[in-house]
Amino acid sequence: MKHLLSTEDLSLANAIRILDTAEEMAAVGDREVKKLPALRGRTVVNLFFEDSTRTRISFEAAAKRLSADVINFAAKGSSVSKGESLKDTAQTLSAMGADAVVIRHWASGAPHRLAATDWIDAAVINAGDGTHEHPTQALLDAFTMRRHWARLAGTGSEGADLKGMRVAIAGDVLHSRVARSNVWLLRTLGADVTLVAPPTLLPIGVEKWPCKVSYNMDETIEQGVDAVMMLRVQGERMNASFFPSTREYSRRWGFDDNRLRALDALGMKDTIIMHPGPMNRGLEISAAAADSPRSTVLAQVRNGVSVRMAALYLLLSGDTREPAATPALAYTGTHSTKESN
Amino acid sequence: MAGNTGTYLIRGASILGGEPADLLIRDGVIAETGTGLSAEGAIVIDGAGLVALPGMVDVHTHLREPGREDAETVETGTRAAALGGYTAVHAMANSTPVADTAGVVEQVYTLGQKAGWVDVRPVGAVTVGLAGEQLAELGAMADSRARVRMFSDDGICVHDPVLMRRALEYVKAFDGVVAQHAQEPRLTAGAQMNEGEVSAVLGLAGWPAVAEESIIARDVLLAQHVRSRLHVCHVSTAGSVEIIRWAKERGINVTAEVTPHHLLLTDDLVRSYDPVYKVNPPLRTDADVQALRAGLADGTIDVVGTDHAPHPSEHKECEWARAAMGMTGLETALSVVQHTMIETGLFTWADFARVTSAAAAKIGRLEDQGRPLEAGEPANVILVDPAARWTVEPSRMATMGRNSPFKGMELPGKVVATFFKGHPTVLDGALNTPYPHAASVGAA
């Protein structure tokens with residue numbers, strides 16, 4: 001695993017390794033000094049071609065907790081806005097000695113281009129590309145679900161998967177990189193996934209995905225669900241005839257107060273409500289649902305830093321085919337063996 | 001036709017894949033065919049093991065000149081054509097300025113004559129500036145020295161049904177044909193690749209087959225209604241093949257073309273996000289590939305057109321969504337068609353000659369191209385080594401474009417010689433010299 005580009009090609013062993021390492025990283029956050037020297041002297045570039053304050057600061061926090069040097073490169077107001085190509089940008093960063101590039105791009109596949117070409121030799125982490133994938137989001141979602149699932153089972157998270165967990169992912173699947181990354185990763189971890197969406201917001205070809213598809217939110221809830229993940233829906237989709245109005249969308253596909261009550265009425269006391277943020281309160285999720293004890297929205301944000309620390313650590317600190325290093329090793333490691341940069 | 005182009009005796013080449021025979025080429029024409037021919041002073045070419053075919057005719061070539069000489073010029077594009085076994089190409093109209101006036105088509109025609117590698121027959125734009133709003137002066141282009149017979153807004157669909165109807169009607173006045181780029185624009189806004197299983201996974205905006213098929217269905221009905229001649233560019237879906245088959249059964253005057261890349265490649269390649277596989281129409285599924293091969297084999301699809309579309313490297317070395325659409329094809333077409341049609345048993349070399357030469361010349365109304373290899377016919381002839389195997393290396397091609405999707409593939413078949421109007425533009429598999437009268441063209 002030289003890069004983290006997608007969850008589609010992420011093996012179960014690597015997924016579990018990242019999640020287990022993230023648990024260890026989370027423990028660092030509970031310490032008085034929230035910092036490891038693991039990536040001292042390494043340079044992580046946040047290369048953002050698309051605005052995303054949340055994801056960028058999460059990666060920045062993760063890299064800094066590992067003592068890496070962080071360079072933030074936003075396309076706006078940069079050489080990119082002067083017409084510089086991705087190739088030239090990548091080669092420039094390479095010349096400056098970037099060890100890892102965290103890339104967010106509006107074009108699906110841009111991280112794959114960086115990884116597949118000889119423009120740059122750094123480790124590439126996909127921080128969201130177009131409508132393709134957002135693997136660290138799926139990993140932090142899985143991390144959040146795994147903790148919940150393990151707590152219910154009365155066991156520890158480490159080494160655990162999500163077998164038997166019923167997860168509904170609801171909303172604009174067609175345009176969602178979060179949905180795609182979650183479908184692949186949850187399949188790998190053994191969860192049962194149901195996509196809930198208006199037919200217009202499901203891609204042609206979805207029938208080949210390893211999940212069920214439903215057009216009915218209430219039925220999905222009635223059949224029993226352990227986690228409901230609401231996807232952000234953009235009001236502009238209405239203008240392209242994906243749905244008639246935001247109100248109709250909200251009634252049919254949103255997680256509103258009635259559906260929140262339905263969980264209680266059906267006795268699903270342990271079902272969690274997830275959202276990758278930023279939320280459209282009142283559109284895909286009601287304020288009561290977002291603020292309920294079932295909501296894991298803030299836990300997801302917190303876990304995002306741990307998962308991104310794990311990804312950066314595993315990609316930058318030596319042979320990732322070996323079992324995950326312990327934090328103790330991370331404390332002592334001085335990293336004399338750099339990867340081929 | 002007669003020109004002082006010398007005398008060549010090809011000995012023992014398999015004529016259209018049939019029995020070996022000799023071909024005597026003298027002063028621009030095939031002077032004699034038979035066995036045991038001899039001619040004093042003739043340059044003798046050993047044709048043993050080679051197949052003699054009529055020079056190939058491309059109905060769909062982008063030569064980029066005028067306007068994008070950084071991508072290709074008439075000179076470089078026609079060198080590539082000669083090396084690929086072509087003796088005529090139709091230069092598409094989407095240059096800058098657009099080939100929508102007699103002046104521009106005559107310029108391209110003259111550039112082709114000066115280059116001297118193949119016949120360059122300009123395609124005229126259907127609408128002014130390819131804007132789809134107003135008919136270009138089709139009659140003036142038809143009457144020009146370029147004698148335009150094929151009209152196309154290729155790259156853009158003539159999507160307005162009234163405009164398409166009028167164009168089809170109008171070209172009847174001079175035996176023209178409208179070559180449609182069938183792509184419903186609203187169904188393909190922002191489209192990046194074939195819409196299906198692969199696009200769903202890759203998160204690239206889908207390009208549904210129905211966007212092509214609905215336009216073809218409409219256009220064959222329009223052609224029937226106004227009793228005109230329709231050509232469908234680069235058919236890419238199984239459904240399109242079915243619609244065209246249906247139209248031909250009803251006697252509608254429609255011809256269709258398929259590209260070599262649509263006969264071989266599928267949208268699975270897009271998983272690499274390498275824009276060398278980005279093309280319009282997009283690569284489709286294996287079921288489409290098989291239907292296209294079957295359609296070409298049974299005559300539903302009339303011709304192979306390369307849609308040769310060279311691009312500067314910076315237009316491909318970028319993100320998929322930013323990249324230009326198109327692939328080079330002139331120097332690989334023969335090999336890809338041999339690989340997909342002949343080596344699969346779907347085709348004989350005579351079939352090959354039909355779809356790469358005779359039918360193409362007929363669509364473009366090129367009287368001296370696509371002719372039988374018989375005495376008295378213009379000597380547009382190629383010699384092919386069907387046993388050759390070669391690995392595609394774009395940097396060694398004559399085209400300026402390096403965007404070949406076949407890069408690294410081992411393909412069969414090699415053009416050994418190309419005779420253009422009796423003159424060898426290619427000998428021993430390498431460029432020779434242009435047609436000798438070329439230099440004097442346009443010098444005044």
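This is a short talk about two chains and a few of their helices in a predicted model.

Okay, hi everyone. Keep in mind that what we're looking at is a predicted model.

Let's start where the chains meet. How many residues of chain B are in contact with chain A? There are 19 of them, and on the other side they meet 22 residues of chain A. The largest share of chain B's side comes from helix H5 of chain B, residues 197-202, which gives five residues. If you sort chain B's side by type, you get eight nonpolar residues, five polar ones and six charged ones.

Now over to chain A, and a pair of helices there. Helix H5 of chain A covers residues 135-153, and helix H11 of chain A covers residues 297-316. Their axes come within 8 Å and cross at roughly 115 degrees. Is that crossing left-handed or right-handed? It's right-handed. So who's touching whom? From H5(A), the residues include A:Leu139, A:Leu140 and A:Phe143. From H11(A), among them are A:Asn303, A:Val307 and A:Arg308. Sorted by type, this contact has six nonpolar residues, six polar and two charged.

Last stop: B:Arg218. You'll find this residue in helix H6 of chain B, residues 209-226. Why does B:Arg218 count as partly exposed? Because it has 18 other C-beta atoms within 10 Å, and being buried would take 20 or more, while exposed means 12 or fewer. And for a sense of distance, take B:Glu374, 156 residues from B:Arg218 along the chain. The C-alpha atoms of those two are separated by 41 Å.

That's my tour, thanks!

How values were computed:
Residues numbered from 1 in each chain as written. Chains lettered and ligands numbered in written order. Predicted model: local features only at pLDDT ≥ 70, side-chain atom pairs only at ≥ 80, totals over all residues. Contact = placed C-beta atoms within 7 Å. Helix = DSSP H or I, 4+ residues; strand = E, 2+ residues; numbered from the N terminus. Nonpolar A, V, L, I, M, F, W, Y, C, P; charged D, E, K, R; others polar. Axes fitted to C-alpha atoms, helices over the stretch in contact; angles between N-to-C directions. Left-handed = near helix turned anticlockwise from the far one by under 90°.
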